[in-house]
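Please read the following report beside the sequence and the coordinates. It takes up pockets, then aromatic contacts, then salt bridges.

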Amino acid sequence: MLLKAALVAAFCVGGPPIALARPTPDEKPPEKVRTPPSLDDLYARLKAAEDDAEAKGIARLIEQRLGRSGSATADLLTERARQAMSGQDFPLAIELLDRATTLEPRWSEGWNRRATVFWLLKDQDGAIADLKRTLVIEPRHFEAWAALGRIYLSMDEKVRALEAFRRAAALYPRMDKLQGAIDRLAPDVEGRDL
């Protein structure tokens with residue numbers, strides 16, 4: 001009986017449970033945290049974009065997402081590689097990107113950036129290999145598809161170039177100059193209508 005009285009007294013002294021507390025009129029309900037759209041959502045929006053400005057904005061968002069490796073070290077190495085490229089020190093850029101891709105082998109943009117340096121060094125085989133690696137990791141990497149098309153075109157491999165350009169266009173239909181390249185190349189590959 002004494003225990004029961006002590007429990008009742010403790011409950012009464014403690015005040016109302018927190019769950020029953022009401023916010024004061026000055027308090028605002030907590031704001032919902034907006035989560036950024038997923039990469040899947042961004043790619044869908046890119047494909048459905050109705051004007052060039054909208055498409056470019058979405059493409060930039062995708063490129064920013066792909067540009068983050070998830071590793072501060074790999075990102076730093078990549079930034080130093082970019083600086084080396086600006087200074088025309090391509091061997092240093094390759095070395096730095098080698099390290100970045102070793103640290104983050106599943107980061108598609110690391111391979112794509114290294115492909116760019118290989119292209120600048122006129123190493124088409126190295127560039128193609130890295131672009132293919134990029135596309136294994138992220139098959140929707142429209143920049144890699146477009147770059148692969150440009151390399152194949154420079155090698156006069158028109159069938160492969162057209163295929164790569166079309167893959168890029170399927171992902172980013174409003175990509176600058178892409179449809180023009182397809183329109184010029186298609187008659188050479190597929191023939192002209194009579």
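What volume does the largest pocket have? In this predicted model, the largest pocket has a volume of about 310 Å³. Its lining is made up of 15 residues, and those that lie nearest the centre of the pocket are N112, T116, E143, A147 and R150. The elements that contribute two or more residues to this lining are α6, α7 (124-137) and α8 (142-154), and α6 gives the most, with six residues. Sorted by class, the lining of the largest pocket holds seven nonpolar, three polar and five charged residues.

The second largest pocket has a volume of about 250 Å³, and its lining includes K56, E143, R150, F165, Y172 and D176. Helices α8 and α10 each supply at least two residues of this lining, with the largest share, four residues, coming from α8. By class, the second largest pocket is lined by seven nonpolar and five charged residues, and by no polar ones. E143 and R150 thus deserve attention in both descriptions: they are among the residues nearest the centre of the largest pocket, and they also line the second largest pocket.

Aromatic contacts come next. A search of the whole structure finds two aromatic pairs. One of them joins Y43 and F142 in an edge-to-face arrangement, at 6.4 Å centre to centre and with 75° between the planes. This pair links distant parts of the chain, since Y43 belongs to helix α2 (residues 39-48) and F142 to helix α8, 99 residues apart. Both Y43 and F142 are buried. The rings of F142 and Y172 have centres 5.0 Å apart and planes at 80°, so this pair is edge-to-face as well. Because F142 lies in helix α8 while Y172 lies in the loop between α9 and α10, the contact ties together parts that are 30 residues apart in sequence. F142 has a relative accessible area of 2% and is therefore buried, and Y172, with 5%, is likewise buried. Y43, F142 and Y172 form one aromatic cluster, and Y172 is also one of the residues that line the second largest pocket.

The count of salt bridges comes to 11. Three of them are set out below, with the N to O distance for each.

| Acidic residue | Basic residue | N to O distance |
|---|---|---|
| D52 | R174 | 3.2 Å |
| E109 | R113 | 3.1 Å |
| E157 | R160 | 3.1 Å |

What does the salt bridge between D52 and R174 tie together? D52 lies in helix α3 (residues 52-67) and R174 in the loop between α9 (158-171) and α10 (178-190), so the pair connects parts that are 122 residues apart in sequence. D52, at 42% relative accessibility, counts as partly exposed, and R174 counts as partly exposed at 34%.

E109 and R113, by contrast, both lie in helix α6 (residues 108-120), four residues apart, or about one turn of the helix. Here E109 counts as buried at 11% relative accessibility, whereas R113 is partly exposed, with a relative accessible area of 29%.

In the salt bridge between E157 and R160, E157 counts as partly exposed at 26% relative accessibility, and R160 counts as partly exposed at 44%. Elsewhere, salt bridges that share partners join D40, E138 and R140 into one network.

How values were computed:
Residues numbered from 1 in each chain as written. Predicted model: local features only at pLDDT ≥ 70, side-chain atom pairs only at ≥ 80, totals over all residues. Heavy atoms only, no water. Salt bridge = Lys/Arg side-chain N within 4 Å of Asp/Glu carboxyl O. Buried < 20%, exposed > 50% of the residue type's maximum accessible area, 1.4 Å probe, protein only. 1 Å grid on protein atoms, 1.4 Å probe; cavity = no way out; pocket = protein on both sides within 12 Å on 5 of 7 lines; lining within 4 Å. Points joined across faces, edges and corners; volume = space filled by probe spheres on them. Nonpolar A, V, L, I, M, F, W, Y, C, P; charged D, E, K, R; others polar. Phe/Tyr/Trp six-rings, centres within 6.5 Å; stacked < 30°, edge-to-face > 60°.
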